[in-house]
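Subject: Structure handover

Hi,

Here is the structure for you to pick up. Please open it alongside this email.

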Amino acid sequence: KLGKINLAFITGDYARGRDSGIIDLVIVGEVDQSYLQKLIQKGEYLIHRKIRFLVLNNEEFKKLKSTLKIEEAIPVWGEGDKNRAF
C-alpha cells in the first residue's frame with residue numbers, strides 16, 4: 001500500500017547515537033504520502049518519539065546525497081551494502 005520504496009534510512013541524531021526525541025527518516029522512491037503519514041502517526045505513538053520524514057525521488061536523492069550525510073546514515077530498507085545502496 002505504501003508504494004515503491006528503493007531506499008530508506010535514518011539520519012540525524014539517532015544515526016549518530018543520540019536520543020534527541022526526533023527520528024529523521026529519509027525514503028527514496030514513489031510513496032503514497034497520505035498512507036505514510038498514517039503509518040508515521042502510529043509509529044510515533046508506539047515508540048513515544050517524533051518522526052520527521054523526507055520523501056525523495058531518485059533524482060532528488062542524487063542531488064541531496066552529500067547534504068544528507070549518507071556516510072552517517074543507518075539503512076533500514078534497500079541494498080544491504082551501504083556503499084552500493086548510497
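Below is what was found, going from the whole chain to single residues.

**Overall**

First, a caution: this is a predicted model. The protein holds four helices and four strands. Read from the N terminus, the elements run β-α-β-α-β-α-β-α.

Is the size what a compact globule would have? What radius of gyration does the protein have, and what would a compact globule have? The protein has 13 Å. For 86 residues, a compact globule would be near 12 Å, so the two agree. The C-alpha trace spans about 35 × 30 × 20 Å along its principal axes.

Buried residues account for 35% of the 86. About 5900 Å² is exposed, and carbon and sulfur atoms supply 53% of that area. Now the contacts with a sequence separation of 6 or more: 62% of them link residues 24 or more positions apart.

**Strand β2**

Start with β2, residues 22-31. Eight of its ten residues are buried, so the strand is largely enclosed by the rest of the structure.

Which strands pair with β2? One partner is β1, residues 3-11. Eight bridges join β1 and β2, and they run antiparallel. Another partner is β3, residues 50-56. Seven bridges join β2 and β3, and this pair runs parallel.

Leu25 gives a handy reference point across these strands. Ile10 stands opposite Leu25 of β2. Leu25 also stands opposite Phe53, which is in β3.

The link from β2 to β3 involves a helix. Helix α2 covers residues 33-47, and together β2, α2 and β3 form a right-handed β-α-β unit.

**Asp24**

Asp24 sits in β2. Is Asp24 buried or exposed? Its relative accessibility is 14%, so Asp24 counts as buried; the cut-off for buried is under 20%.

The side chain of Asp24 has a polar partner. A polar contact of 2.5 Å joins it to the side chain of Arg52. Set aside neighbours within four places in sequence, and Asp24 is in contact with Phe9, Ile10, Thr11, Gly12 and Arg52. Ile10 is thus on two lists: in contact with Asp24, and opposite Leu25.

**Glu44**

Now to helix α2, where Glu44 is placed. Glu44 has a relative accessible area of 14%, so this residue is buried.

What does the side chain of Glu44 lie 2.8 Å from? A polar atom of that side chain is 2.8 Å from the backbone nitrogen of Ile51. Not counting residues up to four places away in sequence, Glu44 touches Arg49, Lys50 and Ile51. Lys50 and Ile51 fall within β3, residues 50-56.

**Ile47**

Ile47 also lies in α2. With 39% relative accessibility, Ile47 counts as partly exposed. How far is Ile47 from Gly21 in sequence and in space? They are 26 residues apart in sequence. From C-alpha to C-alpha, the distance is 9.8 Å.

**Where to look first**

Three views should cover most of this. View one: β2 with its partners β1 and β3. View two: the side chains of Asp24 and Arg52, with their 2.5 Å polar contact. View three: Glu44 and the backbone nitrogen of Ile51.

Best wishes

How values were computed: Residues are numbered from 1 along each chain as its sequence is written. This is a predicted model: local features need pLDDT of at least 70, side-chain atom pairs count only at pLDDT 80 or more; totals for chains, interfaces and linings use all residues. Side-chain values use heavy atoms; hydrogens and water are left out. Buried means under 20% relative accessible area, exposed over 50%, partly exposed in between (1.4 Å probe, protein chains only). Helices (H or I, at least four residues) and strands (E, at least two) are DSSP runs, numbered from the N terminus. Two strands pair if DSSP finds at least two bridges between them. A crossover is right-handed if, with the strands pointing away from the viewer, the path from the first strand over the helix to the second runs clockwise. A polar contact is a pair of N or O atoms within 3.5 Å; within protein, one must be able to donate a hydrogen and the other to accept it, and residues adjacent in sequence count only if both atoms are side-chain atoms. Contact means heavy atoms within 4.5 Å. The radius of gyration is taken over C-alpha atoms; the globule rule is 2.2 Å times the number of residues to the power 0.38. Accessible areas come from the Shrake-Rupley method with a 1.4 Å probe; for residues, only the protein chains shown count as cover.
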